[in-house]
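Biologist: Please pick one part of this model and take me through it closely, starting with how its strands are arranged and then moving to what packs around it. A friendly, connected account would suit me well.

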Amino acid sequence: MIRVLQIMDSLDMGGIESYVMNIYRHIDQKKVQFDFAIFKKDNFFEEEAERLGARVYKCLDGSYKVQLKFVKELQLQNNYPIVHCHNCSLKGMIRGTLPVRRLKKNDRPLIIAHSHNPGMPTNTAPDKIIRYVLKKIITESSDYYFACSQEASNSKFLPSKAASRYILLKNGIEVKKIAFDPKIRKKIREKLGISNSTFVYGTVGRLETQKNHSFMIQRFAEVAKQRENVKLLLVGDGSLKNQLIELAKQLDVLNKMIFVGTKDNANDYLQAMDMFLFPSIYEGLGISLIEAQANGLPSLVSDAIPKEACVTDLVTRLSLASDNLWVEHMIKEKQCISRSLKYVNKVRESGYDIQNIATYLQNFYLKNI
């Protein structure tokens with residue numbers, strides 16, 4: 001059995017964290033175990049990770065220098081054969097922390113850089129210079145380059161140098177668990193006090209700038225003026241919650257909104273929705289959108305969402321500059337009580353079944369030790 005060090009910002013509820021934990025649940029833990037280096041005190045998945053056999057190491061110092069030293073000491077103490085670094089938490093790969101590039105097996109850990117999203121684009125000259133320098137460091141310090149989409153890859157790696165060892169690793173989901181179930185729909189709606197005839201717009205995601213909830217609430221407020229008996233269901237938590245509540249009050253739609261917070265059964269709340277909204281400013285892929293499609297939900301998303309995430313005919317991509325079009329599409333969508341199960345198969349055929357992805361990653365680890 002080998003242990004692989006996963007370097008992440010946290011083990012809290014979020015897209016990257018949920019993805020890695022889903023992989024962890026589906027690998028053969030007698031062959032591969034995960035340990036985690038994280039940088040946050042309180043973490044939603046920490047207890048589960050430890051139950052599965054993981055060691056969780058925390059560094060709560062905000063100093064980048066201290067964090068680099070923390071990762072280096074972890075490696076020296078445990079001699080991990082593989083270090084898997086996720087997204088912005090690429091703290092194990094910076095030059096000088098661990099030996100740069102692996103010359104042969106066992107002379108140092110195999111380092112995987114994994115990009116899950118492109119990051120906030122600013123398109124300024126300084127931003128482009130900084131991004132290039134970071135891409136150069138990351139690319140030259142890593143052995144393999146994983147990404148959930150081509151856009152996510154281009155944002156973190158230099159294509160000319162990373163091409164030979166680039167791997168598209170899709171964000172897997174438990175397809176069967178997400179399939180539409182009218183019984184769960186009824187149960188969740190009753191729990192939330194939503195009538196059968198109410199049209200529910202909703203989303204799943206952290207209440208942070210990237211997810212653009214303010215845009216969603218503003219469009220919903222316009223819809224509520226023209227369409228009766230509607231609700232907006234937000235699944236997730238984050239630093240902007242109070243700000244979003246204030247916005248809803250200002251727009252006089254707070255009584256039509258439901259903040260349910262972070263849920264370990266977030267998929268069940270998809271069942272209660274009639275339309276999925278995903279106006280993100282940027283996304284590496286958008287795993288919530290894949291789940292919504294497996295659930296058979298019509299989905300209205302920003303054109304910042306990679307096309308790789310649009311695997312069914314349920315998705316409409318619109319510019320965030322087209323406020324009126326968002327409102328028009330939201331108003332015209334009709335409630336569909338029975339959602340076709342064909343979309344489960346479509347998502348599976350598109351390569352997003354978590355078991356297949358976990359097996360692939362497990363075999364990759366074992367092959368490369």
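Modeller: Happy to! Two strands count as paired if DSSP finds at least two bridges between them. Please keep in mind that this is a predicted model.

Let's begin at strand S6, residues 144-147. On one side, S6 pairs with strand S5 (residues 110-115) in the parallel sense, over 4 bridges. There, Tyr144 of S6 is the bridge partner of Ile112. S6 also pairs with strand S7 (residues 166-168), again in the parallel sense, this time over 3 bridges. In that pairing, Phe146 stands opposite Ile167 of S7.

Now for the faces of S6. In a regular strand, side chains alternate between the two faces of the sheet. Tyr144 and Phe146 are on one side of S6, with Tyr145 and Ala147 on the other. These four residues are all buried, and both faces of the strand are covered.

S5 leads us on to helix H1, since S5 is among the elements that the buried residues of H1 pack against. The others are strand S2 (32-38), helix H2 (46-51), strand S4 (82-86) and helix H15 (354-367). H1 covers residues 15-26, and at 1.5 Å a residue its 12 residues should span 16 Å; the end C-alpha atoms are 17 Å apart, so the two values agree. The helix is mostly covered, with 9 of its 12 residues buried. Among them are nonpolar residues such as Ile16, Val20, Met21 and Ile23, but also Glu17, Asn22 and His26.

H1 also borders an enclosed space. The model has 1 cavity of 30 Å³ or more, and the space in the largest cavity is about 30 Å³. Its lining consists of Gln6, Tyr19, Val20, Ile23, Phe34, His86, His114, Leu361 and Tyr365. H1 and H15 each supply at least two of these lining residues, and H1 gives the largest share, 3 residues.

Finally, a look at the nonpolar cores. In soluble globular proteins, nonpolar side chains tend to be buried together. The largest nonpolar core here has 41 residues, of which Leu233, Met273, Phe276 and Ile290 touch the most other members. Helix H12 (residues 287-294) gives the most to this core, with 5 residues. A second, separate core of 32 residues includes Ile23, along with Ile82, Ile357 and Ala358. Ile23 brings us back to H1: this buried residue of the helix belongs to the second core and also lines the largest cavity.

Notes: Residues numbered from 1 in each chain as written. Predicted model: local features only at pLDDT ≥ 70, side-chain atom pairs only at ≥ 80, totals over all residues. Heavy atoms only, no water. Buried < 20%, exposed > 50% of the residue type's maximum accessible area, 1.4 Å probe, protein only. Helix = DSSP H or I, 4+ residues; strand = E, 2+ residues; numbered from the N terminus. Core = buried A, V, L, I, M, F, W, Y, C linked by side-chain atoms within 4.5 Å. Expected span 1.5 Å × (residues − 1). Contact = heavy atoms within 4.5 Å. 1 Å grid on protein atoms, 1.4 Å probe; cavity = no way out; pocket = protein on both sides within 12 Å on 5 of 7 lines; lining within 4 Å. Points joined across faces, edges and corners; volume = space filled by probe spheres on them.
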